[in-house]
Amino acid sequence: MKKNLALIFLFMCASMFGRGYLNPADDEVLSSLVLPKDIYIFKNAEDENKHVGFSDFGIYINKETKEEFVKYIKFGLSEDLFPNESDKTFENIKLQLSLKKNIFSTLDILYFYSWEKSGNAEFSIQYSLGKQGVIDTEFIYVVRIFYENYVYTIRFKGCLNPNEKNDYLDSLTDLLIFKPGTKTDINRGIEGTQGYYWKNRNSPEKFYERLQAEQGDNYGAEFQRTFNELMKSLKEIL
(Lines give C-alpha, C1' and ligand atoms only; values in the text may rest on other atoms or scores of the structure.)
Protein backbone atom coordinates (compact mmCIF):
# COMPACT_ATOMS: atom_id res chain seq x y z
CA MET A 1 0.00 0.00 0.00
CA LYS A 2 2.83 2.37 0.87
CA LYS A 3 4.43 1.73 -2.53
CA ASN A 4 1.15 2.39 -4.32
CA LEU A 5 0.66 5.68 -2.48
CA ALA A 6 4.16 6.80 -3.33
CA LEU A 7 3.65 6.01 -7.02
CA ILE A 8 0.28 7.79 -7.01
CA PHE A 9 1.96 10.88 -5.57
CA LEU A 10 4.72 10.78 -8.17
CA PHE A 11 2.23 10.56 -11.03
CA MET A 12 0.10 13.27 -9.42
CA CYS A 13 3.10 15.61 -9.43
CA ALA A 14 3.81 14.75 -13.05
CA SER A 15 0.25 15.59 -14.13
CA MET A 16 -0.15 18.52 -11.75
CA PHE A 17 2.36 20.65 -13.56
CA GLY A 18 1.72 19.42 -17.09
CA ARG A 19 -1.16 21.79 -17.76
CA GLY A 20 0.97 24.36 -19.52
CA TYR A 21 4.37 25.98 -19.12
CA LEU A 22 4.16 29.76 -19.39
CA ASN A 23 7.16 31.92 -20.22
CA PRO A 24 6.73 35.11 -18.13
CA ALA A 25 7.95 37.19 -21.07
CA ASP A 26 4.81 36.14 -22.98
CA ASP A 27 2.38 37.29 -20.27
CA GLU A 28 1.26 40.91 -20.01
CA VAL A 29 1.31 40.81 -16.20
CA LEU A 30 4.59 38.94 -15.69
CA SER A 31 6.50 40.35 -18.65
CA SER A 32 8.38 42.80 -16.41
CA LEU A 33 9.35 40.11 -13.90
CA VAL A 34 13.10 40.06 -13.22
CA LEU A 35 14.12 36.52 -12.33
CA PRO A 36 17.24 35.81 -10.28
CA LYS A 37 20.00 34.83 -12.73
CA ASP A 38 20.26 31.26 -11.43
CA ILE A 39 16.66 30.32 -12.28
CA TYR A 40 16.04 28.26 -15.41
CA ILE A 41 12.55 28.57 -16.99
CA PHE A 42 11.18 25.11 -17.79
CA LYS A 43 9.71 24.93 -21.31
CA ASN A 44 7.75 21.70 -20.82
CA ALA A 45 7.68 18.52 -18.72
CA GLU A 46 10.40 16.83 -20.78
CA ASP A 47 12.64 19.86 -20.44
CA GLU A 48 12.04 19.90 -16.68
CA ASN A 49 13.01 16.24 -16.28
CA LYS A 50 16.13 16.81 -18.37
CA HIS A 51 17.42 19.60 -16.10
CA VAL A 52 17.24 17.69 -12.83
CA GLY A 53 20.82 17.50 -11.63
CA PHE A 54 22.10 19.99 -14.22
CA SER A 55 20.57 23.37 -13.29
CA ASP A 56 20.69 24.90 -9.82
CA PHE A 57 17.07 26.08 -9.75
CA GLY A 58 14.12 25.98 -12.11
CA ILE A 59 10.71 27.56 -12.36
CA TYR A 60 7.37 26.40 -13.75
CA ILE A 61 4.54 28.91 -14.32
CA ASN A 62 0.91 28.22 -15.14
CA LYS A 63 -1.94 30.72 -15.59
CA GLU A 64 -5.61 29.82 -15.21
CA THR A 65 -8.98 31.45 -14.80
CA LYS A 66 -10.71 30.90 -11.46
CA GLU A 67 -12.97 28.30 -13.07
CA GLU A 68 -10.05 26.40 -14.61
CA PHE A 69 -8.21 26.48 -11.29
CA VAL A 70 -11.12 24.88 -9.43
CA LYS A 71 -11.72 22.32 -12.18
CA TYR A 72 -8.13 21.12 -11.92
CA ILE A 73 -7.48 21.31 -8.20
CA LYS A 74 -10.71 19.87 -6.80
CA PHE A 75 -9.74 16.24 -7.43
CA GLY A 76 -6.94 16.34 -4.87
CA LEU A 77 -8.74 18.29 -2.15
CA SER A 78 -9.00 17.07 1.44
CA GLU A 79 -12.30 15.38 2.26
CA ASP A 80 -12.07 16.79 5.79
CA LEU A 81 -12.08 20.40 4.58
CA PHE A 82 -14.23 19.79 1.51
CA PRO A 83 -16.60 16.90 2.34
CA ASN A 84 -19.13 17.77 -0.37
CA GLU A 85 -18.84 18.77 -4.00
CA SER A 86 -20.61 22.03 -3.15
CA ASP A 87 -17.76 22.90 -0.77
CA LYS A 88 -15.22 22.87 -3.60
CA THR A 89 -15.67 26.47 -4.67
CA PHE A 90 -13.05 29.04 -5.58
CA GLU A 91 -13.98 31.20 -2.60
CA ASN A 92 -13.71 28.31 -0.14
CA ILE A 93 -10.42 27.01 -1.52
CA LYS A 94 -8.95 30.49 -1.32
CA LEU A 95 -10.32 30.95 2.20
CA GLN A 96 -8.73 27.74 3.46
CA LEU A 97 -5.40 28.69 1.91
CA SER A 98 -5.59 32.13 3.56
CA LEU A 99 -6.08 30.33 6.89
CA LYS A 100 -2.91 28.32 6.13
CA LYS A 101 -4.84 25.06 6.07
CA ASN A 102 -3.61 22.03 4.16
CA ILE A 103 -6.21 21.75 1.41
CA PHE A 104 -4.95 18.44 -0.02
CA SER A 105 -5.33 14.78 0.80
CA THR A 106 -1.94 14.26 2.42
CA LEU A 107 -0.71 10.94 0.94
CA ASP A 108 1.87 10.94 3.72
CA ILE A 109 3.13 14.42 2.83
CA LEU A 110 3.95 17.18 5.33
CA TYR A 111 2.75 20.60 4.17
CA PHE A 112 3.73 24.09 5.35
CA TYR A 113 1.67 27.11 4.28
CA SER A 114 1.94 30.88 4.51
CA TRP A 115 -0.23 33.71 3.15
CA GLU A 116 0.90 37.15 2.03
CA LYS A 117 -0.58 40.21 0.34
CA SER A 118 1.10 42.76 -1.88
CA GLY A 119 -0.52 45.44 -4.00
CA ASN A 120 -3.47 43.87 -5.82
CA ALA A 121 -2.25 40.30 -5.37
CA GLU A 122 -2.59 37.63 -2.70
CA PHE A 123 -0.03 34.85 -2.34
CA SER A 124 -0.40 31.34 -0.95
CA ILE A 125 3.04 29.81 -0.41
CA GLN A 126 3.29 26.05 0.02
CA TYR A 127 6.28 23.91 0.92
CA SER A 128 5.97 20.13 1.12
CA LEU A 129 8.07 17.19 2.26
CA GLY A 130 7.53 13.46 2.01
CA LYS A 131 7.45 11.83 5.43
CA GLN A 132 8.60 8.34 4.52
CA GLY A 133 10.69 6.49 1.98
CA VAL A 134 13.18 8.14 -0.34
CA ILE A 135 12.73 11.89 -0.03
CA ASP A 136 12.17 13.61 -3.38
CA THR A 137 10.37 16.87 -2.60
CA GLU A 138 12.91 18.56 -0.35
CA PHE A 139 13.39 21.63 -2.57
CA ILE A 140 10.02 22.74 -3.95
CA TYR A 141 7.99 25.86 -3.22
CA VAL A 142 4.57 26.23 -4.84
CA VAL A 143 3.22 29.79 -4.99
CA ARG A 144 -0.38 30.42 -5.96
CA ILE A 145 -1.01 34.04 -6.87
CA PHE A 146 -4.58 35.31 -6.85
CA TYR A 147 -4.59 38.32 -9.15
CA GLU A 148 -7.72 39.84 -10.68
CA ASN A 149 -9.61 37.01 -12.44
CA TYR A 150 -6.64 34.67 -12.69
CA VAL A 151 -4.61 32.29 -10.59
CA TYR A 152 -0.92 31.94 -11.34
CA THR A 153 0.68 28.74 -10.07
CA ILE A 154 4.44 29.03 -9.77
CA ARG A 155 6.63 26.12 -8.76
CA PHE A 156 10.17 27.02 -7.74
CA LYS A 157 12.33 23.92 -7.70
CA GLY A 158 15.80 22.96 -6.60
CA CYS A 159 17.23 20.66 -9.26
CA LEU A 160 19.37 18.35 -7.16
CA ASN A 161 18.94 14.74 -8.24
CA PRO A 162 17.27 13.06 -5.23
CA ASN A 163 18.70 9.67 -6.20
CA GLU A 164 22.33 10.78 -6.05
CA LYS A 165 24.60 11.86 -3.21
CA ASN A 166 25.33 15.59 -2.86
CA ASP A 167 27.40 17.65 -0.47
CA TYR A 168 24.58 19.66 1.08
CA LEU A 169 22.33 16.76 2.07
CA ASP A 170 25.39 14.77 3.12
CA SER A 171 26.17 17.56 5.59
CA LEU A 172 22.81 17.12 7.38
CA THR A 173 23.96 14.00 9.20
CA ASP A 174 21.56 14.53 12.11
CA LEU A 175 18.55 14.52 9.77
CA LEU A 176 19.35 12.34 6.76
CA ILE A 177 21.05 9.13 5.72
CA PHE A 178 21.87 8.01 2.17
CA LYS A 179 21.15 4.44 1.10
CA PRO A 180 22.25 2.94 -2.24
CA GLY A 181 19.79 0.85 -4.24
CA THR A 182 17.43 1.01 -7.23
CA LYS A 183 16.78 4.45 -8.72
CA THR A 184 13.26 5.84 -9.13
CA ASP A 185 11.89 5.84 -12.69
CA ILE A 186 8.45 7.45 -13.01
CA ASN A 187 8.14 6.56 -16.70
CA ARG A 188 8.54 2.86 -15.94
CA GLY A 189 6.50 2.95 -12.72
CA ILE A 190 9.50 2.06 -10.56
CA GLU A 191 9.59 3.34 -6.99
CA GLY A 192 13.31 3.42 -6.30
CA THR A 193 15.06 2.60 -3.06
CA GLN A 194 18.24 4.63 -3.60
CA GLY A 195 18.44 8.08 -2.08
CA TYR A 196 18.15 10.01 1.16
CA TYR A 197 15.94 8.89 4.05
CA TRP A 198 14.87 10.75 7.18
CA LYS A 199 16.53 9.58 10.37
CA ASN A 200 13.33 9.89 12.41
CA ARG A 201 9.80 11.26 12.19
CA ASN A 202 10.84 14.71 13.46
CA SER A 203 13.46 15.15 10.73
CA PRO A 204 11.18 16.64 8.01
CA GLU A 205 9.98 19.53 10.16
CA LYS A 206 13.52 20.18 11.43
CA PHE A 207 14.75 20.19 7.82
CA TYR A 208 12.20 22.88 6.90
CA GLU A 209 13.02 24.98 9.95
CA ARG A 210 16.74 24.76 9.20
CA LEU A 211 16.19 25.67 5.56
CA GLN A 212 14.35 28.82 6.62
CA ALA A 213 17.27 29.85 8.82
CA GLU A 214 20.14 28.80 6.52
CA GLN A 215 22.95 31.29 5.97
CA GLY A 216 26.28 31.11 4.18
CA ASP A 217 27.17 29.64 0.79
CA ASN A 218 25.68 26.16 1.01
CA TYR A 219 22.98 24.91 -1.37
CA GLY A 220 20.11 25.24 1.11
CA ALA A 221 20.94 28.88 1.87
CA GLU A 222 21.24 29.72 -1.84
CA PHE A 223 17.94 27.98 -2.56
CA GLN A 224 16.15 30.02 0.10
CA ARG A 225 17.81 33.31 -0.93
CA THR A 226 16.90 32.76 -4.57
CA PHE A 227 13.29 32.02 -3.65
CA ASN A 228 13.16 35.18 -1.52
CA GLU A 229 14.47 37.19 -4.49
CA LEU A 230 11.79 35.65 -6.70
CA MET A 231 9.07 36.63 -4.23
CA LYS A 232 10.43 40.16 -4.01
CA SER A 233 10.36 40.48 -7.81
CA LEU A 234 6.79 39.21 -7.97
CA LYS A 235 5.59 41.66 -5.34
CA GLU A 236 7.24 44.57 -7.14
CA ILE A 237 5.20 44.03 -10.32
CA LEU A 238 1.82 43.00 -8.84
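This is a short talk on the sheet, the helices around it, one pocket and a few single residues of a predicted model.

Hi everyone, thanks for coming. Let me start with the overall picture. The protein has 238 residues, and 47% of them are buried. The secondary structure comes to seven helices and eight strands. If you take contacts between residues at least 6 apart in sequence, 57% of them join residues at least 24 apart.

Now to the sheet. Six strands make up an open sheet with mixed pairing, and their order is 1-2-6-5-4-3. Strand 1, residues 39-41, and strand 3 sit at the edges with a single partner strand each, so each has one side without a neighbour in the sheet. On average, and ignoring direction, neighbouring strands here are turned by 25 degrees against each other.

Let me walk in from the strand 1 edge. Strand 1 runs parallel to strand 2, residues 57-65, and three bridges join the two. If you want to find the pairing on your screen, look for Ile39, which stands opposite Phe57 in strand 2. Ile41 has Ile59 of strand 2 as its bridge partner. On to the next pair: strand 2 and strand 6 are antiparallel and joined by nine bridges. Phe57 turns up again here, standing opposite Gly158 in strand 6.

How enclosed is strand 2 by the rest of the structure? Seven of its nine residues are buried, so strand 2 is largely enclosed. One of the elements in contact with strand 2 is helix 3, residues 66-73, which lies across strand 2, strand 5 (140-147) and strand 6 (150-158). The angle between helix 3 and strand 2 is about 115 degrees. Helix 6 lies across strand 3, strand 4 and strand 5, and runs at about 130 degrees to strand 4.

Next, helix 4, which spans residues 90-98. Which of its residues are buried? They are Phe90, Asn92, Ile93, Gln96 and Leu97. Here the helical repeat is worth keeping in mind: an α-helix has 3.6 residues a turn, so residues three or four places apart point the same way. The cover over the buried residues of helix 4 includes helix 3, strand 3, strand 4, strand 5 and strand 6. Glu91, also in helix 4, has a relative accessible area of 58%, which is over the 50% cut-off, so Glu91 counts as exposed. Its C-alpha is 9.7 Å from that of Val70, with the two positions 21 residues apart in sequence numbering.

A quick word on backbone geometry. Most residues other than glycine have a negative phi. Two residues here are worth a look on that score. Lys100, in the loop between helix 4 and strand 3, is not a glycine, yet has a positive phi of about 65 degrees. Glu148 is not a glycine either, and has a positive phi of about 55 degrees. You will find Glu148 in the loop between strand 5 and strand 6, and with 58% relative accessibility Glu148 is exposed.

Now for the second largest pocket, which some of you may want to pull up. Its space comes to about 180 Å³. The lining has 14 residues, and Ser114, Glu116, Ile125, Tyr141 and Gln212 are the ones nearest the centre. By type, the lining residues split into eight nonpolar, four polar and two charged. Where does the lining come from? Strand 3 (109-118), strand 4 (121-130), helix 6 (203-213) and helix 7 (219-237) supply at least two residues each. Helix 7 gives the largest share, with five residues.

Let me stay with helix 7 for one more residue, Ala221. Is Ala221 buried or exposed? Its relative accessibility is 0%, so Ala221 counts as buried. Setting aside neighbours within four places in sequence, Ala221 is in contact with Glu214, Gln215 and Gly216. As for distance, 9.4 Å separates the C-alpha atoms of Ala221 and Arg210, which are 11 residues apart along the chain.

That's my tour, so please send me your questions.

Key. Residues numbered from 1 in each chain as written. Predicted model: local features only at pLDDT ≥ 70, side-chain atom pairs only at ≥ 80, totals over all residues. Heavy atoms only, no water. 1 Å grid on protein atoms, 1.4 Å probe; cavity = no way out; pocket = protein on both sides within 12 Å on 5 of 7 lines; lining within 4 Å. Points joined across faces, edges and corners; volume = space filled by probe spheres on them. Helix = DSSP H or I, 4+ residues; strand = E, 2+ residues; numbered from the N terminus. Nonpolar A, V, L, I, M, F, W, Y, C, P; charged D, E, K, R; others polar. Pairing = 2+ DSSP bridges. Axes fitted to C-alpha atoms, helices over the stretch in contact; angles between N-to-C directions. Contact = heavy atoms within 4.5 Å. Buried < 20%, exposed > 50% of the residue type's maximum accessible area, 1.4 Å probe, protein only.
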